[in-house]
Amino acid sequence: MIEIITKYFPELNEKQKQQFEMLDTLYRDWNAKINVISRKDIDNLYEHHVLHSLAIAKAIRFKDGSRILDFGTGGGFPGIPLAIMFPKCKFRLIDGTGKKIMVANEVAKALGLDNVEALHRRGEEEKGEYDFIVSRAVMQLPLLMKIIQKNISKKQNNALPNGLLCLKGGDLKEELKPYLNIIDVMPLEDMFDEEWFKEDKKLIYLPMA
């Protein structure tokens with residue numbers, strides 16, 4: 001199951017491999033009780049959710065001690081795969097749906113991820129400051145930017161300036177217009193060779209520091 005992950009991240013240690021391996025059972029069990037991943041999509045967990053989340057790890061290796069906010073995490077994506085990948089970074093996962101946050105918390109606990117805190121909270125209520133905010137297609141970029149502007153730390157720790165790393169798909173021309181001079185758009189088909197990533201999937205990086 002996790003061969004698709006080790007194919008792109010051969011440097012994983014045994015503990016990380018084991019944690020990635022556990023995701024299948026954990027999400028299947030939880031999904032049977034609370035629908036956090038579409039029922040049709042659970043068989044594609046590793047490709048459509050785990051590897052998709054890890055596109056962020058292809059774009060940046062977060063330095064130890066970095067603080068990352070996963071905005072609108074749902075059942076824990078991209079935050080949980082990234083927390084496995086970067087065990088020495090701190091991740092806060094927030095979502096406005098309590099049931100989904102409960103799942104993210106239980107999964108993190110079962111994996112022994114002590115670098116994850118999942119909270120039932122709307123973005124407007126989040127007061128913390130972070131090096132990066134990560135997200136998977138939660139809302140239009142201009143609206144997201146308005147909400148998260150307050151949460152970007154001024155202190156720089158990483159090779160990339162602090163900002164937003166957002167996974168999106170489809171035609172983004174209009175949405176990206178206000179940021180054309182500063183935005184970096186990375187097609188996921190340049191990172192991964194599975195067919196699904198050729199369907200106009202992108203990682204958007206927007207420096208905000």
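In this predicted model, Val185 has Ile204 of strand S7 as its bridge partner. The two strands concerned, S6 and S7 (residues 201-207), are joined by four bridges and run antiparallel. Strands of a sheet pair through backbone hydrogen bonds, either parallel or antiparallel.

**The sheet**

S6 and S7 belong to an open sheet of seven strands, in the order S3-S2-S1-S4-S5-S7-S6, and the pairing in this sheet is mixed. Which strands stand at the edges? They are S3 (116-120) and S6 (184-187); each has a single partner strand, so one side of each is left without a neighbour in the sheet. On average, neighbouring strands of the sheet are turned by 20° against each other, direction ignored.

**Helices on the sheet**

Helix H3 (residues 45-53) lies across three strands, S4 (132-136), S5 (163-169) and S7. Helix H6 (residues 98-111) packs on the sheet too, where it touches S2 (90-95) and S3. The table gives the angle of each helix to one of its strands.

| Helix | Strands touched or crossed | Angle |
|---|---|---|
| H3 (residues 45-53) | S4, S5, S7 | about 165° to S4 |
| H6 (residues 98-111) | S2, S3 | about 165° with S3 |

**The whole chain**

The protein chain has eight helices and seven strands. Its radius of gyration is 16 Å, close to the 17 Å that the globule rule gives for 209 residues, so the chain is as compact as a globular protein of that length. Taken along the principal axes, the C-alpha atoms of the chain fill a box of roughly 40 × 35 × 30 Å.

**Backbone details in two loops**

Most residues other than glycine have a negative phi, and most peptide bonds are trans. Two places in this model depart from these habits, as follows. Phe77 and Pro78 are joined by a cis peptide bond, with omega at about 5°. Pro78 sits in the loop between strand S1 (67-71) and helix H5 (79-85). Asp200, which is not a glycine, has a positive phi of about 60°. The place of Asp200 is the loop between S6 and S7.

**The largest pocket**

Rolling a probe the size of a water molecule over the atoms shows where empty space is left. The largest pocket has a volume of about 200 Å³. Which residues are the closest to its centre? Of the 13 lining residues, they are Gly72, Thr73, Gly74, Gly75 and Arg136. By kind, the lining divides into five nonpolar, five polar and three charged residues.

Notes. Residues are numbered from 1 along each chain as its sequence is written. This is a predicted model: local features need pLDDT of at least 70, side-chain atom pairs count only at pLDDT 80 or more; totals for chains, interfaces and linings use all residues. Side-chain values use heavy atoms; hydrogens and water are left out. On a 1 Å grid over the protein atoms alone, a cavity is a set of points where a 1.4 Å probe fits but cannot get out, and a pocket is an open set with protein on both sides within 12 Å along at least five of seven lines; lining residues have an atom within 4 Å of a point. Grid points are joined across faces, edges and corners, and a volume is the space filled by probe spheres set on the points. Ala, Val, Leu, Ile, Met, Phe, Trp, Tyr, Cys and Pro count as nonpolar, Asp, Glu, Lys and Arg as charged, and the others, Gly among them, as polar. Two strands pair if DSSP finds at least two bridges between them. Axes are lines fitted to C-alpha atoms, for helices over the stretch in contact, and angles run from 0 to 180 degrees between N-to-C directions. Contact means heavy atoms within 4.5 Å. The radius of gyration is taken over C-alpha atoms; the globule rule is 2.2 Å times the number of residues to the power 0.38.
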